[in-house]
Amino acid sequence: MTPLIDIVLVVLIIMMVNIPIQIEEMDIKLPGEKKNTPPPPPNPNAQQLVIALYENGDVALNREGMDEETMLYEATRRLRGMGKKHVFVDAHETVEYGRVIDMIDLAREAGAEKVGLARMKEVGPAPMTKVHPGGRPRGIYIGSPKVIGAITEKKADQSMQRLGGKIKSCYMQRLSSRPKLTGHMTIKVEVGPQGELLSEPAIDKDSTGDLDLRDCINLVLPELRYEPLGEQKTAAIYYPVLFSPG
Amino acid sequence: MGGKMGAGGGPMGDINVTPLIDVVLVLLVVFMVITPMLSSGLPVDLPMATTTVQVNDVGQHIVISLTEKGEWAVEQEMVEDNAEEALIRLVQAEFNKNPERSILVKADRRLPYGDVRILMDILAENRFTTVFVAAGKEG
């Protein structure tokens, strides 16, 4: 009888400890109060990305219609060169809320630091002015890294760019046996004070579902090198990598 | 848990553990039943996302739920007739208890976006321009 009671009590304790609930969340910005002052004249040099979500389910990036795979690539590419990585989502009021969250998710995946919701307009988002021809360059694309801690984005980026060729050849090799292989990954790296790797760099997210590609990339990743960060300083870096068969 | 009873010539026997087991089992069942139900706010069918941040809920959020039927609730309290003033009063009351708290919007994924935005716009007009949205973990 005693072992039974032991087990039951342990299970009970496990359940009581587990009770603090986990939530999964994302933060978004809302347009503030309507101001009576006219908005400042648009700055022609200011870049911004607006993802539009139309009533019929179409999506567009800066009024250019495209499919979601292309949008992820385009958003990743454009965010790379931008100082303030802000993305706005402008959706028609009748689209499903879940779709809006998908777009926020896509923007964050592409490397956006802040995602805002555009002010609601009765007619919905501005109409498309052109349609993207589709297709992305064949190969891999390393997006701007998300860094937490004592490293600049530029330095983090340089380290990964050096491995770009090897990751690409991993992909090309797999592409010869699976010509349609596509998707994206997030690679997580933790760097220590001397520029050493604190843990084995890992593939955090993977939508390609190709184990051989993962294995190949996992072999390349330990070659990542960083400059010393300084005493007691550490950093975590997340690199988005997109794969496109062209 | 068993043991000898009495030192003299009294009757020998085990401690009766049956009531203890009964109580413990009942507690266990109670926990098993309420654990899935324990979530902040009302239960809703959340949208899925991959780039979410996982946090432990220690009451740092004021949770506003929007159910599939379009009902609003602040924490566990329903907002009658989706009245704007009532919503703001409840949110403000929660906020006054602890101004460090942020807002978490838990909306059902099948709702039309417009319905969610009505609520968000009310929040924005009342200076809550940064909100968190709850999502389920995908992949």
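Q: What makes domain 1 of chain A and domain 2 of chain A count as being in contact, and how many residues does each give?
A: Two residues are in contact if their C-beta atoms, placed from the backbone, lie within 7 Å, and by that criterion 10 residues of domain 1 of chain A are in contact with nine residues of domain 2 of chain A. The model is a predicted one, in which local features need pLDDT of at least 70 and side-chain atom pairs count only at pLDDT 80 or more, while totals for chains, interfaces and linings use all residues. Residues are numbered from 1 along each chain as its sequence is written, and chains are lettered from A and ligands numbered from 1 in the order in which they are written.

Q: Where do the two domains of chain A lie in the sequence, and what separates their centres?
A: The bounds, which come from an automatic or database domain assignment, are 49-131 for domain 1 and 139-244 for domain 2. Taken over C-alpha atoms, the centres of these two domains of chain A are 26 Å apart.

Q: Which helix of chain A gives the most to the side of domain 1 that touches domain 2, and what is the make-up of that side by class?
A: Helices (H or I, at least four residues) and strands (E, at least two) are DSSP runs, numbered from the N terminus. Helix α2 (residues 68-80) of chain A gives the most to this side of domain 1, with seven residues. Ala, Val, Leu, Ile, Met, Phe, Trp, Tyr, Cys and Pro count as nonpolar, Asp, Glu, Lys and Arg as charged, and the others, Gly among them, as polar, and on that basis the side of domain 1 of chain A that touches domain 2 has four nonpolar, two polar and four charged residues.

Q: Why is α3(A) called largely enclosed by the rest of the structure?
A: A residue is buried if 20 or more other C-beta atoms lie within 10 Å of its own, exposed if 12 or fewer, and partly exposed in between, with C-beta atoms placed from the backbone. In α3(A), 11 of the 13 residues meet the buried criterion, so the helix is largely enclosed; among them are A:Tyr97, A:Asp102, A:Arg108 and A:Glu109.

Q: How do you know that the span of α3(A) is close to the one expected?
A: The expected span of a helix is 1.5 Å times one less than its number of residues; α3(A), with 13 residues, reaches 18 Å from its first C-alpha to its last, against an expected 18 Å.

Q: What makes β2(A) a partner of β5(A) and of β3(A)?
A: Two strands pair if DSSP finds at least two bridges between them. Five bridges join β2(A) to β5 (residues 86-91) of chain A, in parallel, and three join β2(A) to β3 (residues 59-61) of chain A, in antiparallel fashion, so both connections meet the criterion. A:Ala52 has A:Asp90 in β5(A) as its bridge partner, whereas A:Leu53 stands opposite A:Val59 in β3(A).

Q: Why is β2 (residues 49-53) of chain A called mostly covered?
A: Four of the five residues of β2(A) are buried.

Q: How many residues of chain A are in contact with chain B, and which element gives the largest share?
A: In chain A, 40 residues are in contact with 49 residues of chain B, and α1(A) supplies the largest share of that side of chain A, nine residues. Four bridges also join β1(A) to strand β2 (residues 53-56) of chain B, and these strands run antiparallel.
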